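Biologist: I'd like to go through this one with you and hear the reasoning behind the labels. Can you put it up on the screen?

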Amino acid sequence: MTSLLQDFPPSLWAATAATAADPAPEVPPLATSARYDVVIVGAGYTGLSTALHLAEAGVSVCVLDTHAPGWGASGRNGGQVIPGLKYDPDQLRVMFGSAVADPLIAAIGSAADTVFDLIERHDIACDALRRGWIQPTHSSKVMHALEARARQWMAEGAPARLMDAAEVARHIGTDAYVGGWKDERAGSLHPLKYCQGLARAAQRLGVVIHGGTPVVRLERRQPGWRLHSAQGPHVDAERVVIATNGYTDGLWPHLRQSVIAANSFIVATQPLSPEQGASILPGGEVTSDSRRLLLYYRRDAQGRLLMGGRGPFGEPRGAGDFAHLERSVELLFPQLAGIGYEYRWSGRVAITRDFLPHVHEPAAGLSIAVGYNGRGIAMASTMGRCLAQRITGQAGAVFPFPVSTIQPIPLHGLQRFYIAAGVAWYSVLDRFS
């Protein structure tokens, strides 16, 4: 287990997740072949939420991962728990029709509730705080769109409200924005502690989790499936769930080519002084702005300011790859000029062409879920609950996510050029919006 812990990429979360009193869950590599009702590939939020909800329904479950729970995006993100998707309710109804859209809207609107309910029910210590999400804008033209967004969600019963420039400045601590809106459903947490808490809760209910266990081949058998591990032993199951998201490999044909795995970079300052903290997000909200190349930021439990945004396609090579985020901190918050930075890290976000989560069922007994487009904590936790209900055939449960075929993105091998071109184009649009 020690080697799996040492395998975590450096980050604020990896440095502060496990303690002697609250150690990381034990997830030894698969050593002998076994059989379960369901096997899940991927020990992130989707896989662990699915496993936990299945176990609550009495299903025997095994989770396999190349690394330890939370090694991927589930342990590297910004810790913002935000409901909803890129599209607002009215747009979703136009795209899908009310019969399909209404269950989807209900699911994504309650996605943050799923997270905080899991934390409460399973007593997960993860610095959870539910103080809302502020989405500000620097553009008067964009403000009209945010007004429409807020009104649509308020019509769905969401506790939300509009904010003028003065109120945004009071809550965030910068006068860079012309207004925005606040969604009280949202919150924040320590993402790796949350992921490890899900793993421990699942284990208490009988879920078996094996880290250090790459799955190299799926074999269709009658009945069910056999999953072959790199080290030799296999696992048989009636059903399989693939939940690998931004770190999807070639396990299933064309799946990796159906998403763009883009890097998101984050920096964390040293803890702010009481004077600095009183002027920057003193209420504990999370923030992501309305830019196409958005900035997202929040305070952590120790008072650091975290700033996240786009980064180079490749893995970071040094502090210079994070300089643009540090400049953004000082542009938004001049009172932090010269502040020191304690942590810099990155992780992969799975982006789909339509900016919607994708659910695939390409063969009997196989379910795949990928593509949360930057809303992974709330969406993946909710996806896991819904997948478990679908697998168990829970009476009265409507599966809210449209099921689609796997569609590879054309010229996927050129994805770094897709991203570079998109960044350049979005930079121009942001400048003139």
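## Talking through the labels

Biologist: Let's start with β4. What makes strand β4, residues 133-137, count as mostly covered?

Modeller: Keep in mind that this is a predicted model. A residue is called buried when its relative accessible area is under 20%, and 5 of the 5 residues of β4 are buried. Both faces are covered: Trp133, Gln135 and Thr137 lie on one side, Ile134 and Pro136 on the other.

Biologist: How do you know which strands pair with β4?

Modeller: Pairing takes at least two bridges between two strands. β4 has 5 bridges to β6 (residues 179-183), and those two run antiparallel. It also has 2 bridges to β13 (residues 286-288), this time parallel. So both partners meet the cut-off of at least two. Trp133 shows up in each pairing: Asp183 stands opposite Trp133 in β6, and Val286 is the bridge partner of Trp133 in β13.

Biologist: On to helix α9. How do you know that its span agrees with what a helix should have?

Modeller: At 1.5 Å a residue, the 14 residues of α9 (191-204) should span 20 Å. The end C-alpha atoms are 20 Å apart, so the two values agree.

Biologist: And why is α9 called largely enclosed?

Modeller: Because 12 of its 14 residues are buried. Among them are Tyr194, Cys195, Gln196 and Arg200. The buried residues of α9 pack against α2 (12-16), α3 (45-56), α6 (111-121), β8 (208-210) and α12 (376-392). After the helix comes Gly206, which has a positive phi, near 100°.

Biologist: α3 is on that list of packing partners. What makes α3 largely enclosed?

Modeller: The reasoning runs along similar lines. In α3, 11 of the 12 residues are buried, so the rest of the structure largely encloses this helix. The buried ones include Tyr45, His53 and Leu54. The span agrees too: α3 should cover 16 Å, and its end C-alpha atoms are 16 Å apart. Gly58 follows α3, and its phi is positive, near 90°.

Biologist: Why is His190 called buried?

Modeller: Its relative accessible area is 2%, and the cut-off is under 20%, so His190 is buried. You'll find His190 in the loop between β7 (187-188) and α9. Leaving out residues up to four places away in sequence, His190 touches Trp13, Thr16, Ala17, Cys126 and Asp127.

Biologist: Cys126 caught my eye there. Why is there no bond between Cys126 and the closest cysteine sulfur?

Modeller: A disulfide needs the two sulfur atoms within 2.5 Å. The closest cysteine sulfur to that of Cys126 belongs to Cys195, and it is 11 Å away, so that is too far for a bond. Cys195 is in no disulfide either, with the sulfur of Cys126 as its nearest, 11 Å away. The structure as a whole holds 0 disulfides.

Biologist: Are those two cysteines buried or exposed?

Modeller: Buried. Cys126 has a relative accessibility of 1%, and Cys195 has a relative accessible area of 0%.

Biologist: Last one. What confidence does the model carry, and where does pLDDT stay under 50?

Modeller: The average pLDDT is 92, and 92% of the residues score at least 70. The stretch under 50 is residues 423-430, where the model has 11 contacts beyond four places in sequence. Predicted coordinates should not be read in detail where pLDDT is low.

Technical notes. Residues numbered from 1 in each chain as written. Predicted model: local features only at pLDDT ≥ 70, side-chain atom pairs only at ≥ 80, totals over all residues. Heavy atoms only, no water. Helix = DSSP H or I, 4+ residues; strand = E, 2+ residues; numbered from the N terminus. Expected span 1.5 Å × (residues − 1). Buried < 20%, exposed > 50% of the residue type's maximum accessible area, 1.4 Å probe, protein only. Contact = heavy atoms within 4.5 Å. pLDDT = per-residue confidence, 0-100.
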